[in-house]
Amino acid sequence: MNNLLQIITQYKTDTQSVYNTWFIDNDQRLKAFRTIRRGVLQVVDDIKNKAFPNDFKGSSLEFVLDCIAEQKQVFVGVSHPFYWKPKLRIPDIYENQINKTAFGQFLENCLNAKSEEQIIKEIVRLDALKIKGLGPAVGSILYFLHPTLFPPFNTAILNGFNALFNDKKKLGSWTEYLKIREILIETNNKHKALLSNDLGAIAGLCFEIGTQKMLIGDDEYLSEHERNKLERNIEKRQKEIQDEKQEENLHYEMQFHLLKIGQRLGYDAFVASNDRSRSYAGVSFSFMSPDKYPAINCDKETASTIRLIDVLWFEKGTNNVICAFEVEKSTSIYSGILRLTDLSYSIATGNETFYLVVPDSREKDVVLQLSRPSIRQIKTPIKYILFSELQQHCEALCKFGDNHQIMQKIAKPA
């Protein structure tokens, strides 16, 4: 603890730490909050309408946790505590209707809560029910609902917390989670200038330490085995970051093609607001996308989320959306579907077409996800386009296309 300022500085200056690769300047993280909130609303609705299944697989809860897991790094394994273990009957929120309802009410009350006191009361109430297997792993859902009030929670974060604060807190206890939360908030408040109001920053620090990708102090007292493990973890992290960079480059290439096609077809093609400074092949997206975004008839939060859609085509000079495109990386399929369905709830008139643009390697997964009953019942017309098809046919679409219907030539239904 005496070296905490040094540790935080080390965490922030390490370009490969989760602070720099996940927390800062990460459009996928920013997009996730509304997406996951919308997903939790679906879980609540399913439980209310008795449409929530007796298993984790295929449920709207699985969909939400898959969206969280797409954040990778800090949230690897976030789904595991929610897998239905039939022999142990845990977590007991699938077959037990009373527990299922209590969980749905907990989520709804946390969604609507305006203060931390309200949420803590809900946690205490849920804990008092002693639902087998339902512990503070739910904290990772709470984080995406209230990021300034509740930190995410998993084994790695717990291990890092215990190492950082020389503590022995245990996994699986809501009481322990609330104590950890208090200490993290107190520490965060003392060093907020170096960290953030968002508790993801300090949780990420605990994660780095807990996964032994960051060393507190020097390594002179490490055994050879411990030093080798540290080196392997660092090498693994470096490879993950390199892979992420390659995916980002492909992502920008697909946005470039979509902006180019949209322009040639005579639409106002807008790139995501946080990608305007990006470029591909030496061309800045700000030069391919109009400066003034159309005024959209919806609330401020929804409008901000719409501006984060990867590419939108509007009818020239209007605010009528013609096509929406979410370009997904090798892991981010679920959140893209949720964002498009959310967009359809917000602005759909029935004339739009929604597309996922996905790596070829994920085609089977996309078909599987779009075929889910929970997605089909929403009736959002989502089709998908493979990276290779867009790359190969971009010029032909520009040359021979008259309107957005030309995209149907390379698009596929689920």
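In what order do the five strands of the open sheet stand? The close-up views below, all taken from a predicted model, begin with that sheet and then turn to the helices around it.

**View 1. The open sheet and its strand order.** The five strands follow the order E1-E4-E5-E6-E7, and their pairing is mixed. Strand E1 (268–271) and strand E7 (382–386) occupy the edges, where each has a single partner strand, so one side of each is left without a neighbour in the sheet. From one strand to the next, the twist averages 20°.

**View 2. Strand E4 between its two partners.** Strand E4 (residues 311–314) pairs with strand E5 (residues 321–327) in the antiparallel sense over four bridges, and the pairing of E1 with E4 is likewise antiparallel, over four bridges. Strands of a sheet pair through backbone hydrogen bonds, either parallel or antiparallel. On the E1 side, Asp 268 stands opposite Phe 314 of E4, while on the E5 side the bridge partner of Phe 314 is Val 321. Leu 312, for its part, stands opposite Ala 324 in E5.

**View 3. The E4–E5 hairpin and the side chains of E4.** E4 and E5 form a hairpin in which six residues lie between the two strands, and Gly 317, in the turn, has a positive phi of about 70°. In a regular strand the side chains alternate between the two faces of the sheet. In E4, Val 311 and Trp 313 point one way whereas Leu 312 and Phe 314 point the other way, and all of these residues are buried.

**View 4. Helices lying across the sheet.** Helix H13 lies across E4, E5, strand E6 (353–358) and E7, and its direction is at about 165° to E6. Helix H14 (residues 363–370) lies across E6 and E7, running at about 180° to E7.

**View 5. The packing of helix H4 on helix H13.** Two packed helices are described by the angle between their axes and the distance between the axes. For helix H4 (residues 60–69) and helix H13 (residues 334–347), the angle is about 115° and the axes are 8 Å apart, which means that H4 is roughly perpendicular to H13. From H4, the residues Phe 63, Asp 66 and Cys 67 meet Tyr 334, Ser 335, Ile 337 and Leu 338 of H13. Taken by character, the residues of this contact of H4 with H13 divide into five nonpolar, one polar and one charged.

Conventions
Residues are numbered from 1 along each chain as its sequence is written. This is a predicted model: local features need pLDDT of at least 70, side-chain atom pairs count only at pLDDT 80 or more; totals for chains, interfaces and linings use all residues. Side-chain values use heavy atoms; hydrogens and water are left out. Axes are lines fitted to C-alpha atoms, for helices over the stretch in contact, and angles run from 0 to 180 degrees between N-to-C directions. Angles under 35 degrees count as roughly parallel, over 145 as roughly antiparallel, 65 to 115 as roughly perpendicular and the rest as oblique. Contact means heavy atoms within 4.5 Å. Ala, Val, Leu, Ile, Met, Phe, Trp, Tyr, Cys and Pro count as nonpolar, Asp, Glu, Lys and Arg as charged, and the others, Gly among them, as polar. Two strands pair if DSSP finds at least two bridges between them. Buried means under 20% relative accessible area, exposed over 50%, partly exposed in between (1.4 Å probe, protein chains only).
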